[in-house]
Amino acid sequence: MLVWARLTVFLTLGLFARASFISTVLDAIESAVDCASCHALLTVLQGVAIFGDSVFSSALVGVCQAVNAEDDDVCKGLLTEQGPIIAHDLRSISSLGQTATKFCNAVIGLCQEPDVNSYTVPIPKAAPANPKVFTSTGKTPFQVVHFSDVHIDRSYTVGSEVNCTKPICCRNFADQSGPVEVPAGAVGSHGCDTSTALSQSMLKAVAAENTRFSIFTGDVVEAAVWLVDQTEVTSDLQTFNAEMAKFVNSPVFPAIAPINAFPRNTSSGAPSSQWVFDIQSQGWNQWVGTTASGEVQHMSGSYSAIPSGTNLRIISLNTIYWYKDNFWLYDSNSQQPDPNGILAFAVQQLQAAEDAGQRAWIIAHMPPSSGDAFKDQSSYFNQIVQRYKNTIAAQFYGHSHVDEFAIAYSDFSQQTAANANSIAYIAPSLTPRNANPAFRVYDVDPDTYEIMDSRTFSSDMSDPSFQTAPTWKQEYSARSTYGPAIGGWPSTQSLSPAFWHKVTEAFVSNDALFQQFNSFKTRGVGVVPCTGDCKTNTICNLRALRTESGCHTATPGLNFKRDEDVDLTARGHADHCEGTGVRSILGNIASKAVCTPLNFKSMDPDALRERLEAIFKDLE
Ligand SMILES: *[C@@H]1O[C@H](CO)[C@@H](O)[C@H](O)[C@H]1NC(C)=O
Ligand SMILES: *[C@@H]1O[C@H](CO)[C@@H](O)[C@H](O)[C@H]1NC(C)=O
């Protein structure tokens, strides 16, 4: 009732009352210290959302600016864009229901994620009694390049400030003052996204690998999301499609990435994301063909395609409907097991591959192992993996920006080499934000389409020649590095799920090997030794392609810095994947409230009022 009273005052009395209204929200945030009080906070926020998107967004901007969660322009740009989605969510759900708990888990970090809701994915046919066995005849492997998370900043400005106060730097920001401390390099700098020069250098290096084809697991747009709009996204996507076509002289099979949030087709009143699917359908047609390009358009960005001259079905899935940062997923109290039919599409395509005696690769942006993936959909997808494990030769993802992998088991409670039955290759990023830019080359067996070797190439930014002519060198081969460490691996055998399980066993007993892996993750940049819980959790997560079996726990405000990724967030604000978002802003606010009580009551009332008035003046 207090909220309603304050709101009335807010709407009728102007500036000063609005300032006191912001204090109400701040009070609620301040008292949100556990899961139950997070639900209470949502009730307060719902009271605001009822007054419309712009009232809600300006209130959030006010809160964000008042606590200096980010620079003022970042607060404003981001919350003006994403605030309306959250307002729509809050108007659509009960503040006490499971969706609200998921929101409090993902966005505010105060609830643990609910247990998986039981659901059986419909499967058209039982597994064959005698599944087709794919046997290698020892032919020379062919090469496939895998690149990911390019995050190209078309406004990257050579000589601009690297050490800025924004989530992403190396641009001329309007509010930047004083001389440049650290000038942005001609090709790239850590703390910044990818320059056009760096992106083109990588594409030329990809072409030099003489690949049969490439896979690209997404994320084109730079992390300055508080400035990005539909016009810019459209131009970014089209420009990179054109550059891939120009520089890479073989087909590219891409996966859709979180350009923005994708509403479910059941959301009423949500804007449509169809324009993204239309752009990519058109841009990818040249590589994936007409049928697949039609699927991109009508299956929410997913498609399947068979590279010419192969017996391999590449199934590209839009996993953004399983992604905790897709805020449109919190707009219903009912738990939809398969938003937009992505799981059903995967089943249909895998069944088609099995029926035709083809092998399959799954490619997507976000891996189901991610702490950013909902346990529900990750678990349902694992049912599909278990059913079609003989058809799936391997899975390929990006999103984490680090060089890693994840394993699935027939029984996750008995994690052994014998039970390991699917392997996900998670590629390092091109963006040099927190690491050296990198891509992978796979040596692929032409009979089984299994991976014979995975070799990571990177460009060393500490080499002075990087800023004039970056070179791309093989950093390591998985077979040469890990084979001897697991007591040898026969050259005729692929890097199977069992191989990778044995690698994780070697990590446990051979700490030098594990620290080597830890360094490979960021290609040697900003490496912090990972010991104790860090090591235990990292290995736990490598063994958890089904994320509920991993060791991801929510921490207030720090939820976006998930355990193994702490080393990647040294700049404080930058989310490891999509850059600063609503999640990290609310996380910053919540963590300030929880870790250092905001104590607005003890602030000088005149100073607070002045600050809030300035904020509102700016908003009008
Ligand atoms: C970067 O900025 C921080 C905070 O403004 C400052 O403490 C640090 O010295 C700067 N680093 C360099 C290399 O100028
Ligand atoms: C949403 O998409 C799925 C998969 O294409 C489809 O089966 C379903 O009918 C669609 N629902 C609505 C309301 O359009």
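So, what span should the 21 residues of helix H5 have at 1.5 Å a residue, and how far apart are its end C-alpha atoms? Helix H5 covers residues 72-92, and at that rise it should span 30 Å. The end C-alpha atoms sit 29 Å apart, which agrees. Before I go on, a quick reminder that we're looking at a predicted model.

Let me stay with H5 for a moment. There's a kink in it, about 40 degrees, at Thr80. And shortly after that kink comes a proline, Pro84. As for what's covered up, the buried residues of H5 include Val74, Cys75, Leu78 and Leu79. Further along you get Gln82 and Gly83, and then a run from Ile85 through Ile86, Ala87, His88 and Asp89 to Leu90, also buried.

Okay, zooming out. The protein chain has 17 helices and 12 strands. It runs to 620 residues, and 62% of them count as buried. If you take contacts between residues at least 6 apart in sequence, 73% of those join residues at least 24 apart.

Next up, H6, residues 98-108. This one is mostly covered, with 10 of its 11 residues buried. The buried set runs Thr99, Ala100, Thr101, Lys102, Phe103, Cys104, Asn105, Ala106, Val107 and Ile108. Yes, there's a lysine in there: Lys102 is on the buried list. Just after the helix, Gly109 takes a positive phi of about 75 degrees.

What does H6 pack against? Helix H3, residues 35-49, is one partner: the two axes come within 10 Å and cross at roughly 100 degrees. That makes H3 roughly perpendicular to H6, since 65 to 115 degrees counts as perpendicular here. On the H3 side the contact uses Cys35, Cys38, His39, Leu41 and Leu42. H6 brings Ala100, Thr101, Phe103, Cys104 and Ile108. By class, that's eight nonpolar residues, two polar and no charged.

Now compare another helix pair. H10, residues 342-355, and H11, residues 375-387, pack at about 10 degrees, with their axes 11 Å apart. So H10 is roughly parallel to H11. From H10 you have Leu343, Ala346, Val347, Leu350, Gln351 and Glu354, and they meet Gln377, Tyr380, Phe381, Ile384 and Arg387 in H11. This contact has seven nonpolar, two polar and two charged residues.

Back towards the N terminus for a small one: Ala59, in helix H4, residues 53-66. Ala59 is buried, with a relative accessible area of 7%. Its C-alpha is 8.1 Å from that of Val48, and the two are 11 residues apart in sequence.

Last, two loop residues. Is Thr140 buried or exposed? It's in the loop between H6 and strand E1, residues 142-147. Thr140 is exposed, at 67% relative accessible area. It also sits 9.9 Å from Asp447, C-alpha to C-alpha, although they're 307 residues apart along the chain.

And then Ser429, in the loop between strand E9, 420-426, and strand E10, 438-444. This serine is buried, with a relative accessible area of 1%. Which residues does Ser429 contact, beyond its neighbours within four places in sequence? Ser148, Asp149 and His401 are among them, along with Asn436, Pro437 and Ala438, and finally Arg523.

That's my tour. Happy to pull any of these up on the screen.

Notes:
Residues numbered from 1 in each chain as written. Chains lettered and ligands numbered in written order. Predicted model: local features only at pLDDT ≥ 70, side-chain atom pairs only at ≥ 80, totals over all residues. Heavy atoms only, no water. Helix = DSSP H or I, 4+ residues; strand = E, 2+ residues; numbered from the N terminus. Expected span 1.5 Å × (residues − 1). Bend = angle between axes of the 7 residues up to and from the residue. Buried < 20%, exposed > 50% of the residue type's maximum accessible area, 1.4 Å probe, protein only. Axes fitted to C-alpha atoms, helices over the stretch in contact; angles between N-to-C directions. Parallel < 35°, antiparallel > 145°, perpendicular 65-115°, else oblique. Contact = heavy atoms within 4.5 Å. Nonpolar A, V, L, I, M, F, W, Y, C, P; charged D, E, K, R; others polar.
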